[in-house]
Amino acid sequence: MGRPLLVAALAISLSPLAGVACSKPAEEKKAVAAAELAAPADVKRVDIAVNDSGFSPSTIELKKGEPVVLRFTRTTKSECLKAIAIPDLKIEKDLPMDTPVEVAVTPEKEGKMVLQCWMAMVKATINVVGS
Ligand SMILES: [Cu+2]
């Protein structure tokens, strides 16, 4: 009684299709690609932590006309902070977990701008000063 079943199982495991079904799609590798640089490495970086307390620092001082890269690193699982926006600069950016995300900006106007979560609940201040 048992022998025909055993033969059938062997036939399935030797089939070349069984191996193909187990291989992972190549697309999965792209998801863990390294962060891209938003500007040349010699442009000043400003690190901004995005965590359960919001943005740190909560006030970011920039100089008018000076190119700078804001480098966000999100460590909170909160959906609230899965993306950020700087409406005055028309910037919106997704923040994957634990991955530095660079945003290049050159503020052209003095004064305060809002940096916020995509829902505009968590906020920080970008203060642009004259040089
Ligand atoms: Cu939010």
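Two strands are taken to pair here if DSSP finds at least two bridges between them, and in this predicted model strand S5 (residues 83-86) meets that condition with strand S8 (residues 111-117), to which two bridges join S5 in an antiparallel arrangement.

**Start with S5 and its two partners.** Select Ile84 and then Cys117, which is the bridge partner of Ile84 in S8. Keep Ile84 selected and add Lys93, the bridge partner of Ile84 in S6. S5 and S6 also run antiparallel, and four bridges join them. As a general background to this view, strands of a sheet pair through backbone hydrogen bonds, either parallel or antiparallel.

**Follow the hairpin turn.** S5 and S6 form a hairpin with four residues between them, and the residue to select in this loop between S5 and S6 is Lys90. Phi of Lys90 is near 55 degrees, a positive value in a residue other than glycine. Is Lys90 buried or exposed? With 7 other C-beta atoms within 10 Å, Lys90 is exposed, because a residue counts as exposed if 12 or fewer such atoms lie within that distance.

**Widen the view to the sheet.** Colour the strands in the order S3-S9-S8-S5-S6, and you have an open sheet of five strands with mixed pairing. At its edges lie strand S3 (59-63) and strand S6 (91-94), each of which pairs on one side only. From one strand to the next, the twist averages 20 degrees.

**Visit the loops on either side of S8.** Before S8, in the loop between strand S7 (101-105) and S8, select Lys109, which counts as exposed with 10 C-beta neighbours inside 10 Å. Add Gly65 to the selection: the C-alpha atoms of Lys109 and Gly65 are separated by 8.0 Å, although these residues are 44 residues apart along the chain. Then move to the loop between S8 and S9, where Ala120 is placed. Ala120 has a positive phi of about 60 degrees although it is not a glycine, and Ala120 counts as exposed, with 10 C-beta neighbours inside 10 Å.

**Stop at the cis peptide bond.** Select Ser56 and Pro57, which are joined by a cis peptide bond with omega about 0 degrees; Pro57 is found in the loop between strand S2 (54-56) and S3. For context, most residues other than glycine have a negative phi, and most peptide bonds are trans.

**Turn to the nonpolar core.** Which residues touch the most other members of the largest nonpolar core? Among its 18 residues, these are Val50, Phe72 and Leu95. Two or more residues of this core come from each of strand S1 (45-51), strand S4 (68-74), S7, S8 and strand S9 (123-129). Centre the view on Phe72 and, leaving aside residues up to four places away in sequence, show what it touches: Ile48, Val50, Ile84, Leu95, Val101 and Val103. Ile84 thus appears again, here in contact with Phe72 after its earlier appearance as the bridge partner of Cys117.

**Finish with the whole chain.** Select the full protein chain, which contains three helices and nine strands, and trace it along the sequence to follow the pattern α-α-α-β-β-β-β-β-β-β-β-β. Of its 131 residues, 15% count as buried. Among the contacts in the protein chain with a separation of 6 or more, 65% are accounted for by residues 24 or more positions apart.

Methods
Residues are numbered from 1 along each chain as its sequence is written. This is a predicted model: local features need pLDDT of at least 70, side-chain atom pairs count only at pLDDT 80 or more; totals for chains, interfaces and linings use all residues. Axes are lines fitted to C-alpha atoms, for helices over the stretch in contact, and angles run from 0 to 180 degrees between N-to-C directions. A residue is buried if 20 or more other C-beta atoms lie within 10 Å of its own, exposed if 12 or fewer, and partly exposed in between; C-beta atoms are placed from the backbone. A nonpolar core is a set of buried Ala, Val, Leu, Ile, Met, Phe, Trp, Tyr and Cys residues joined through C-beta atoms within 7 Å. Two residues are in contact if their C-beta atoms, placed from the backbone, lie within 7 Å.
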